[in-house]
Every structure is written in C-alpha cells, then in structure tokens.
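Let's take a walk through this protein model together. Keep the 3D view open and turn it as you read.

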Amino acid sequence: MEEPVNKILVIKMRFHGDMLLTTPVISSLKQHYPNAQIDVLLYEDTIPILSENVQIGSLYGVAKKSAGVLEKVSNFLDLLQQLSANRYNIILNLTDQWMVALLMRLIPAEIKISQDYAHRQTTFWKNSFTCLAPITGEHIVERNLSILSALGIKDFYTKTTMSYKPEHWHEMEIILNEAGVHGQYVVIQPTARQIFKCWDEDKFSVVTDALQAQGYKVVLTCGPGDDDLVCVNRIADECEQRPITALAGKTQLPELAALIDHAALFIGVDSAPMHMAAALDTPIVCLFGATDRVFWRPWTDNAIQLWAGDYAEMPEREELDRSQKYLSVIPAEDVIAAANQMLNSNKAEDEVEGSEPIRESGSAT
C-alpha cells in the first residue's frame, strides 16, 4: 500500500510574474492531492505575490541576489534545516539555479522531480533528482504544468490565481473615493523592470486623455522605485486632466490585485501586474516589444496584445539592446482603439448578463 502524500514542496526562484504563473501547478497538485500541504521555495522579495493564496501552506524565502555572502550562507543553512524537518513526500523543481541540486542532495524526500533543462546536463545535476521531466508547451504556464506528467497527472487546473483579502479592496476603495473616483476606472501600469519593455510616456498621456474624455477615471500605478515614480508623474503632468496618482508606488501586491480586479480595464506592458490582471480576468490591453509574445502572453482570452513586431522588425534575443524602447513604434491611436474595443466588448457582455461581471481570482486559456 502506497504511503499517503502529505507534504509537497514546489521550487521556483524567479521574478513576481513568473511566480504567479506557477499557480496552476499548485492548484493541480491540490486538486490531485487534496489533503497534502503544498509549500513553495522562492525568492524572499517575491513572497507578496503568493502571500494570500490559501492553497499554499508555507512560503520559504531565499535571500535576494543582492544579499551579502554571509547572509546568503546563513539563509541557506536555515532553509536546509527547516525544509529537512518537513519530510516532504514530493519535491518539484521548476528552476535551473545550481543551488537547487545541492539542496536536493541534502533534503530528504521520496520523490524529487526537476524539469529537464538542456543547459543542466551534468552528472551532479542529473543525479540530484529521482526523475527529470521533459519540458513541453508553448506558453510558460504549459511548460510549468508539463512537470506533472512525471507524477501521472493529466487533468491540469489551468487557471492562474491572484488572491487578496476583502480588506485590501476596502483600503483601495477608501483612497479612490478620496481621490474622486466614484464610477468606472481604468488602471494603467506604464512601468516595467527593464526599459526595453517600456512605452513612451507622452503616448501614455494621450491614451489617458482619450479615456478620461470618455468618462473613465484613469489610475496610474507603479512600483516604489524613484524611476517608476518619475515616469508616472511625467505622464500625469502631460495630461489635460491629471489622472489619479495617489496609489503609485504605495500599494502592496494584494492591494494592487484588488485595485485591478475592480477596474473596467487594465493597460500595461509585459510585467507582473499584466499577469495579475489576466489572473483576475480583468480586460487587458498589453504592449509587447522584443520579448517572446507567445511564451509570455497574458494567460487569458480577455485581452488584446499589441506587438511592436507588427510595426517594425524586432531583434533576436541575443541581439537585444536593453536600453532601447522597442515599443515606441506602437501608435497611441492603436492602443486607444484596442482599449475602446475591450471596454465596449465587456460592457456589451455585462448588459447581456444584466449585472456586474463576477470576478474570479483566475484565468484560463
């Protein structure tokens, strides 16, 4: 008789958006092993994007890359002690960092599965796991889910999940009311972690003006960094009527999720908030440049994706100039047209249903 699966560890160490896109794996595991506790090992600074997910037992944070050597060693030893004590039945690895192989050799578990990375074929790496699962699929969600084939799981849960608490929306609603937002609003997140994923600030101003002329309040959001805040303020300063900037740089990810969930539309670039909007089934207009528009597209059907490659030739990954704004070739008029299409389409659906749409914390292809 097989031992029951009581504890599972999922390992993924990437950025916020990547972490959100692992949630279908967690949901599929919970669906297949309903009584198991599912923990996640991730970078400590990405914990907030999964912090409210009720399907996750514990989140274990790996020290950020910028941490000093002593901090990283201390963190590794602490994690080793905690994870070893948990006695996992199954460990699933969705990351290619070399430290994972060492962890796998030191943490006891009956089954240790890693995705089979082409650049990780050393004997040390391969022998650190009980099984290597082939990576299949076009989208990152599909590729993440392909690891479950090694467990014989075929009935995947394909939705991504972005969770928040009622009090997070309550806090956002108070701030919106104070800022004069009493009706429908559009969230625009103009910033990304890297400049080559960004669009022109003056074009965001044009789009903002067009939406506000139609009666929609525009809420500009961004991260807390100085560059992000400068970008948002430049956009706002160029607008005929200043959009709402009171929340820019001031929201935690669950609060931002609540804000996006109640929006009529989300407009943004290839970044974590775009993937959050997809998980929340908020209508999306997203702008892509010299990144893989298939691999990283919003995991939803409720979106229009504008790709700079339809306007000019995009470089291959190895020729990418990370200081260039490839999205600049996308005209503001096309973004406005896409925004109107999404707003009108979803408004028509609401009128047919006769009520406000029900927002689920998830999305599917």
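## Strands side by side

Start with β9 and strand β10 (residues 284–288), which pair in the parallel sense over four bridges. To see one of those partnerships, find Gly268, whose bridge partner in β10 is Cys286. Keep in mind that this is a predicted model.

Now zoom out to the whole open sheet, where five strands line up in the order β8-β7-β9-β10-β11 with parallel pairing. The edges are β8 (217–220) and β11 (303–307), each of which pairs on one side only. Going from one strand to the next, the twist averages 15°.

## A helix tucked against the sheet

Which strands does α11 touch as it packs on the sheet? They are β7, β9 and β10, and the direction of α11 makes about 150° with that of β10.

How enclosed is this helix? Eight of the eight residues of α11 are buried, so the rest of the structure largely encloses it. The buried residues are Ala272, Pro273, Met274, His275, Met276, Ala277, Ala278 and Ala279. Their cover includes α1 (16–20), β7, α10 (253–261), β9 and β10. Just after α11 comes Asp281, with a positive phi of about 60°.

## Helix α8

Next up is α8, a helix of 13 residues. From its first C-alpha to its last it reaches 18 Å, close to the 18 Å expected at 1.5 Å a residue.

Plenty of α8 is hidden: Lys203, Phe204, Ser205, Val207, Thr208, Asp209, Ala210, Leu211 and Gln212 are buried. After the helix you meet Gly215, which has a positive phi near 100°.

## Charged partners

Side chains of opposite charge can pair when their charged atoms come close. How many salt bridges does the structure hold? There are six, and here are some to look for.

One of them joins Lys165 and Glu52, with the closest N and O atoms 3.6 Å apart. This pair links distant parts of the chain, 113 residues apart: Lys165 is in the loop between α6 (140–145) and α7 (166–178), while Glu52 is in the loop between β2 (37–43) and β3 (59–62). Lys165 has a relative accessible area of 37%. Lys165 counts as partly exposed because that value falls between the 20% limit for buried and the 50% limit for exposed.

Another salt bridge brings together the side chains of Lys197 and Asp270 at 3.8 Å, N to O. Lys197 sits in the loop between β7 (185–189) and α8 (201–213), and Asp270 in the loop between β9 (265–269) and α11 (272–279), so this pair ties together parts that are 73 residues apart in sequence. Are these two residues buried or exposed? Both Lys197 and Asp270 are buried.

Then there's Arg234, which forms a salt bridge with Glu201, the closest N and O atoms being 3.8 Å apart. Arg234 belongs to helix α9 (residues 226–237) and Glu201 to helix α8, so the pair ties together parts 33 residues apart in sequence. With 47% relative accessibility, Arg234 counts as partly exposed.

## A stop at His119

Finally, where is His119? Look in the loop between β5 (109–115) and α5 (123–126). His119 is partly exposed, with a relative accessible area of 48%.

The side chain of His119 is joined to that of Asp96 by a polar contact of 2.7 Å. Asn302 is another story: its C-alpha is separated from that of His119 by 35 Å, and the two residues are 183 residues apart along the chain.

Conventions:
Residues are numbered from 1 along each chain as its sequence is written. This is a predicted model: local features need pLDDT of at least 70, side-chain atom pairs count only at pLDDT 80 or more; totals for chains, interfaces and linings use all residues. Side-chain values use heavy atoms; hydrogens and water are left out. A salt bridge is a side-chain nitrogen of Lys or Arg within 4 Å of a carboxyl oxygen of Asp or Glu. Helices (H or I, at least four residues) and strands (E, at least two) are DSSP runs, numbered from the N terminus. Buried means under 20% relative accessible area, exposed over 50%, partly exposed in between (1.4 Å probe, protein chains only). Two strands pair if DSSP finds at least two bridges between them. Axes are lines fitted to C-alpha atoms, for helices over the stretch in contact, and angles run from 0 to 180 degrees between N-to-C directions. Contact means heavy atoms within 4.5 Å. A polar contact is a pair of N or O atoms within 3.5 Å; within protein, one must be able to donate a hydrogen and the other to accept it, and residues adjacent in sequence count only if both atoms are side-chain atoms. The expected span of a helix is 1.5 Å times one less than its number of residues.
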